[in-house]
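Please look through the model below before reading on. The paragraphs after it lead from the overall fold to the packing inside.

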Amino acid sequence: QGFHVVLAFETPFDLSSNCTDAQYSCVLRVDGDGTVQEGSAQQLDANGALYRVWITASNEGTMELMLKEDPCDPNTRPHFIDVQVDWELPRATLLLTGPGPTTTNTSFQVDAFFSEPVLPLGVSSLFTKDAAVIRVQRLSPEHSRFQLEGSVAADAQVWLPSCTDYAGNRGNKTDELEVKVPSKVLKVVTGAIQWGSIATI
């Protein structure tokens, strides 16, 4: 497993010959459970100032990258960046919160809880059957709230097909949450019919 890193040099640089020990690691140093994959560099521009290399990572955690502008000059000021390696897929749980649908109000509320921070969700993120999403509220990176309107006399179903964490990992589909929407009460008003008798004299 691994990821790409783009190297941007101030002046054109030839990775194939300028590197003193013929290894990319003399230009880009990786501290942590990762290494630069030799031979993975791809030149991204015509001048040779922009390259992309592949970093292999064996474990999750923080990895420090140090880019040397000129590996032949020990006085060159290096540039540092910390990278958080994350392979774990986010997990989501849906719960019915607040009052459920009633005979006079078919709206209901579903909260989504996540095992780690995820990217913001929209109205179309939640899939439904016999229900419509009215709005979504992001309460925190690990908690979103959906307001829905259910179909009368139906077993509404809602589920998340996926969610994406900050590292780009896509989570799996959640279990379907079923919400029973009752029928509306039909009020029948009966009036008393009074029969009168007419006497003729």
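What follows is a walk through the strands, the cores and a few side chains.

This is a predicted model, in which local features need pLDDT of at least 70 and side-chain atom pairs count only at pLDDT 80 or more, while totals for chains, interfaces and linings use all residues. Residues are numbered from 1 along each chain as its sequence is written, and side-chain values use heavy atoms, with hydrogens and water left out.

The protein has zero helices and 14 strands, where helices (H or I, at least four residues) and strands (E, at least two) are DSSP runs numbered from the N terminus. Of the contacts in the protein with a separation of 6 or more, 59% join residues 24 or more positions apart, a contact being heavy atoms within 4.5 Å. Buried residues, those under 20% relative accessible area (exposed is over 50%, partly exposed in between; 1.4 Å probe, protein chains only), make up 36% of the 201 residues.

In soluble globular proteins, nonpolar side chains tend to be buried together. Here the largest nonpolar core has 21 residues, and F3, V5, L28, V53, I55 and M63 have the most contacts inside it; such a core is a set of buried Ala, Val, Leu, Ile, Met, Phe, Trp, Tyr and Cys residues joined through side-chain atoms within 4.5 Å. Strands β1 (2–8), β2 (28–31), β5 (50–57), β6 (61–67) and β7 (79–85) each supply at least two of its residues, and the largest share, four residues, comes from β5. Leaving out residues up to four places away in sequence, V53 touches several residues, among them F3, V5, L28 and V36. A second, separate core of 20 residues includes L126, V133, L148 and L160.

L160 also takes part in a contact with T174, a residue of the loop between β13 (154–159) and β14 (177–181). Because its relative accessibility is 5%, T174 counts as buried. A polar atom of the T174 side chain lies 2.9 Å from the backbone nitrogen of L160, and, beyond its neighbours within four places in sequence, T174 is in contact with A92, L94, W159 and L160.

W159 leads to the one aromatic pair found in a search of the whole structure. The ring centres of F127 and W159 are 6.1 Å apart and their planes stand at 65°, so the pair is edge-to-face; rings of Phe, Tyr and Trp (its six-membered ring) pair if their centres lie within 6.5 Å, with planes under 30 degrees apart counted as stacked, over 60 as edge-to-face and the rest as tilted. The pair links distant parts of the chain, with F127 in strand β10 (residues 127–129) and W159 in strand β13, 32 residues apart. F127 is partly exposed at 39% relative accessible area, whereas W159, at 15%, counts as buried.

Technical notes
Polar contact = N/O pair within 3.5 Å; in protein donor to acceptor, adjacent residues only side chain to side chain.
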